[in-house]
Amino acid sequence: MREIHVESLVKTFGEQRALDDVGFAVAEGELFTLLGPSGCGKSTTLMSIAGFQQPDSGRIAVGDTTFFDAARRLSVPAERRNLGIVFQSYAVWPHMTVFDNLAFPLRVRKLKRSEIRTRVREVLELVEMTPLEQRYPHQLSGGQQQRVALARALVYSPSVLLLDEPFSNLDAKLRERARTWVKDLQRTLGLTTIFVTHDQDEALSMSDRVLVMNQGQVLQVGTPEEIYRRPTSRFVAEFVGRVNLISGRVERADGGKIVLAVDGTTHRLAVATDGDAPVDSQLTVAVRPEAVLLAPPRDGAANGTNTWETTVHAVAFLGDHYEYELEAGPLALSAVSSRLLPGDRIDVHIPADACTVVE
Amino acid sequence: MATGGYAAESVPPPRRSWLPAGLLQTLTWVLVVALIVGPFVPLLYASLRDRPLYEAGGVFTVQPYRDLFGDSAFWRAWVNTLEFAALTTTFAVVLGAAFAILCTRTDLPGRRVWGRLVLLPILLPSLGIVLGWIAVWGPGGYLKQWFSQKLHIDTPGIDTIVGMSVVEAARLLPIAFLTCQAALARADSSLEDAARSAGAAPMRVLTRITIPMLRPALLNAGTLIFTLAIAALGIPLLLGTPRNINFVSSYLYNTWTNAAAPDPGSVSAGAMVLLVVRNRLLGSEARFVSVGGRSSRQDLLSLGALRWPLTALFALYLLLTTVIPVLGLALMSLVTVLTPLIAPWDLFTWEHWRALNDGVFARSIRNSALIAVVGATVTTALVAIATLVAHRSRFPARRTLPFVLLYPRAIPGIIIGIGFFWAYLETGGLGDFFRDSVWGIMVAFCVRNLPLAYIVMYPTLARISEELDRAARAAGAGWWTTSRRIVLPLLRPALFAAFILLFVEILNDYDPAVFLVKPGTEVMGATMLTHFIQGSVGPVAALAMVQVAVTVVVLLVFAKVFNIGATGADDA
């Protein structure tokens, strides 16, 4: 009964549409991520669910309870929504000890002292912070403050958990550990969670489903694999991971296969697709660098369709792999390889099913 | 992980607060707006009636304005006022900027200490310091006579327009100093470093980079000082009136108090004119709220051989403008007559200090102390809540509050006084209560000085992340619980600073009171002003010394508690 329904939210700030018909549903127990660049509307969406911002129109409900309905002029105040939220800055109250921070929501709810003590201890144990309950926030590390913030959001058994870029203030190493830890905790508690981030790695590694937003609009919703492998738009392809975009004119199109004449070259690219496209129309396809296969040049192999001969423009060593910047005529291609290939000419092969039409 | 039973136990939902946030916010807003806008409605009304409001049967007329504009003395007063304000602004801005550069960008010895001492004039009671100036440098002043009799040097008089603007500039210089200091601290010193790297000598960097960067700060400080000088009352009244040099403020005061047939309508009209002119100049005072910049280590311009001469000049300035007036005041309070002809120890007396024990002087001290403590407490509380409504609530009219809270700073003190005079007169029993007690003066002083509290609180509040209140709201706390348990405790240092500042200002304020005092409701500043004009200078000097001493002690305690040298506070 803790699924979240967000329906056609619209919010304008002056001329700008911060939210443009944003809608989605989150299933019970799901970790649902809002992903997008800063200013895309993901935080506005989260703050609308939390009750700190009022959309101009739309509807928000958790389970049977409607929190917001512009049509009925209904808006439950933030303090009565019973949501747990972890802020980007953690917002751990600096003048209260860890214990008092956790006890505050329970004191507001007029619980008995003994009950407050039991619950706070229980949650502190859950986040492995028991020995630090009498510390003040300035005596804690960033990672510990984050645990306190999370504990404080969980201590009153909220109906859903909202996470607003909770890892952005942690350093890289700690961030990876925190991700795993939060994901484990969320799964164990079975809490319906909405997670906001601009970091695609976080989104892909933690989420059950990801929603990609830009300029206030929902671009795509899907599992991390779908978002990464089958982006439906150029923006999603470019925002989530690195990508080669190849444009061309449709030469042939028959049942599940389109052949492009790549712009500015004599190369052909066969693309496996469910869709259809009229002959002579322009298309852009996305190919992930790791899907591009590299081989030393062999005469005759580079036949011009999906297998091309390229010049090496630059190679960068990144520890566990090499990154290649290649040129096929005017077309620039990125590719990765686990080993260094000799020479300054390389044959590339782009599998037809590694291509996604994005435009 | 120990999750057993955790999610199963449900917690009751948070209860609604007994005090609806909307009601509290509305009450705060109404009270603040009524207190600040309230006095101007009757003032405007009084200026448009053919007879004083306390006489029945008045009709609408623009005659007061016609009388006012037809009075050549009023126009002369304006010419004097503008000349005075322009000179004051020039002196204060040039010197203030120079001091700010010396203290922040050079290797002047002891620049930190100088930087704090130079702020003293704005923190010390302004009326007392003016009296000190008069005692020492005024016509018949101690040092003026000494110079002319012993050395036959005629020191320039401070009872000319130029002289008065020097005295006023010494009082207002800290505003220019603080504004420039803040701008210099905020300015990216790498801009100056870049010029050095490009081959510019330090002096060139100063004239081509540093000073041009200060231009907005100079403009802001200049505008503020100009408007404050226009509204000044103490100096025009004490130095100008005896020489028959009238200013707008002293013209209004004298017309109100001395004229054979008082003409309240005309004074009210004059007050409206003064108000309009000042507001045109000032625009929104919000522009002048300088939020302290981050302090970074600055690479210093070396003064070389000029170091010690400049230090000596700095010390001489402070000696002449602050130390000697205070010493003069102290001396005046301890001798029967202040004259260089007879050694002061031959004229020594405790009589003036003894006079403080009873009568009007004792009453003034009691009243001032009472309203300073009560007024500072109440105002701090009210402004704290109003600031939260303005910046941390969803109250529909919240955006009007910052403007309203800053507005009294844009109003000359005497106008607040006249405004409240009419307001009390027009509000029946409640007005009578305020008119007949010292609380009426307290309200006027509090309204006049409450922007200071807002100016102190707002930057601190702005630094408290809004996510802290949102976290409390999400945890189930309503607006008032969030304010009481989270935001106000975090704001505590600013609340204390605001209280101290208000205490000092209310203790030393005087110009709104001159229209409100009655026998029994005297306060220190107003008593000093009237008794000095009547010629009883000794007890007045003693009273001023009390103000100085209390102010210094309070500020020192405050500085000790907060481990700082001096607060940078705006003043008028």
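Reader: Why is A:D280 called exposed?

Author: A:D280 has 9 other C-beta atoms within 10 Å. A residue is exposed if 12 or fewer other C-beta atoms lie within 10 Å of its own, buried if there are 20 or more, and partly exposed in between, with C-beta atoms placed from the backbone. The count for A:D280 therefore puts this residue in the exposed class. A:D280 is located in the loop between β14 (268–272) and β15 (282–287) of chain A.

Reader: On what kind of model do these values rest, and how are residues numbered?

Author: This is a predicted model, in which local features need pLDDT of at least 70 and side-chain atom pairs count only at pLDDT 80 or more, while totals for chains, interfaces and linings use all residues. Residues are numbered from 1 along each chain as its sequence is written, and chains are lettered from A and ligands numbered from 1 in the order in which they are written.

Reader: What is noted about the phi of A:D280?

Author: A:D280 is not a glycine, yet its phi is positive, at about 80 degrees. Most residues other than glycine have a negative phi. A:Y90 is not a glycine either, and has a positive phi of about 70 degrees.

Reader: Is A:Y90 buried or exposed?

Author: A:Y90 has 24 other C-beta atoms within 10 Å, and therefore counts as buried. A:Y90 lies in the loop between β7 (84–86) and α2 of chain A.

Reader: What makes B:P202 partly exposed?

Author: B:P202 has 19 C-beta neighbours inside 10 Å, and therefore falls in the partly exposed class. B:P202 belongs to helix α11 (residues 202–213) of chain B. Apart from neighbours within four places in sequence, B:P202 is in contact with B:L301 and B:S302; two residues are in contact if their C-beta atoms, placed from the backbone, lie within 7 Å. B:A390 lies 188 residues from B:P202 along the chain, and 45 Å separates their C-alpha atoms.

Reader: How many helices and strands does each chain have?

Author: Chain A has eight helices and 21 strands, whereas chain B has 27 helices and zero strands. Both kinds of element are DSSP runs numbered from the N terminus, helices being H or I with at least four residues and strands E with at least two. Buried residues make up 40% of the 359 residues of chain A and 49% of the 572 residues in chain B. The C-alpha trace of chain A spans about 80 × 50 × 35 Å along its principal axes.

Reader: Why are α7(B) and α16(B) described as roughly perpendicular or oblique?

Author: Helix α7 (residues 126–137) of chain B packs against helix α16 (residues 307–332) of chain B at an angle of about 80 degrees, with the axes 7 Å apart. That angle makes α7(B) roughly perpendicular to α16(B), the class for 65 to 115 degrees; angles under 35 count as roughly parallel, over 145 as roughly antiparallel, and the rest as oblique. Axes are lines fitted to C-alpha atoms, for helices over the stretch in contact, and angles run from 0 to 180 degrees between N-to-C directions. The residues that α7(B) contributes include B:L131 and B:W133, which meet residues of α16(B) including B:I324 and B:L329.

Reader: What makes α20(B) and α22(B) oblique?

Author: Helix α20 (residues 413–426) of chain B and helix α22 (residues 438–463) of chain B pack at about 135 degrees, with their axes 10 Å apart. That value lies in none of the other classes, and the two helices are therefore oblique to each other. Among the residues in this contact are B:F420 of α20(B) and B:V447 of α22(B).

Reader: Which residues touch the most other members of the largest nonpolar core?

Author: They are A:A151, B:L131 and B:I225, in a core of 266 residues. Such a core is a set of buried Ala, Val, Leu, Ile, Met, Phe, Trp, Tyr and Cys residues joined through C-beta atoms within 7 Å. Helix α22(B) gives the largest share of this core, 17 residues. Leaving aside neighbours within four places in sequence, A:A151 has contacts that include A:L102, A:V123 and A:M129.

Reader: How many residues does each chain give to the contact between chains A and B?

Author: Chain A gives 28 residues and chain B gives 28 residues. On the side of chain A, the elements that contribute two or more residues are α2 (98–108), α3 (113–126) and α5 (172–189).
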